[in-house]
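Hi,

Here is the structure I promised to pass on. My notes follow below it.

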Amino acid sequence: MRPILELPAVPNAHPEVLGEDGALDAPVRRVHVSELPDLGGLLSGGELLVTTGHELDKDPGRTAAYIHSLETAALQDATTAAEMPIAIVHSRVRFGEVTEIVHKTIVGEQRER
């Protein structure tokens, strides 16, 4: 995830990373954009989840349960670090720009292998 935080669109949004800094080096295999409040059972690890977080702001207990469900899913993948990093951006970022660049990078790395 560390390279994603360095994409041209992201540093200007003033990202703040919460959680284990070492987990930022875990590989990102897929990108999802979702506002669903419970994605835990839909993820397998190695995903970057992009969300506005609007629904999470409404109830702190629900936010904690949401993050826990994501962390549990991420831990199912043996190559994912035990702690799940969360990056909060403090300015608007275009989701499409981030997902497009990340997908191109992933495909490019697959071709190289």
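Of the 113 residues in the chain, 32% are buried, meaning under 20% relative accessible area with a 1.4 Å probe, protein chains only. Please keep in mind that this is a predicted model, in which local features need pLDDT of at least 70, side-chain atom pairs count only at pLDDT 80 or more, and totals for chains, interfaces and linings use all residues. Residues are numbered from 1 along each chain as its sequence is written, and side-chain values use heavy atoms, with hydrogens and water left out.

The chain exposes about 7300 Å² (Shrake-Rupley, 1.4 Å probe), and carbon and sulfur atoms supply 55% of that area.

As for the fold, three helices and four strands (DSSP runs: H or I of at least four residues, E of at least two) follow one another as α-β-β-β-α-β-α. Of the contacts (heavy atoms within 4.5 Å) between residues at least 6 apart in sequence, 60% join residues at least 24 apart.

You may also like the second largest pocket, which holds about 320 Å³ of space. Here a pocket is an open set of points on a 1 Å grid over the protein atoms alone, where a 1.4 Å probe fits, with protein on both sides within 12 Å along at least five of seven lines; lining residues have an atom within 4 Å of a point. The volume is the space filled by probe spheres set on the points. Its lining has 18 residues, with Pro27, Val28, Thr105, Ile106 and Glu109 nearest the centre. Helix 1 (2-5) and helix 3 (95-112) are the elements that give two or more residues to this lining, and helix 3 gives the most, six.

Best wishes

How values were computed
Buried means under 20% relative accessible area, exposed over 50%, partly exposed in between (1.4 Å probe, protein chains only).
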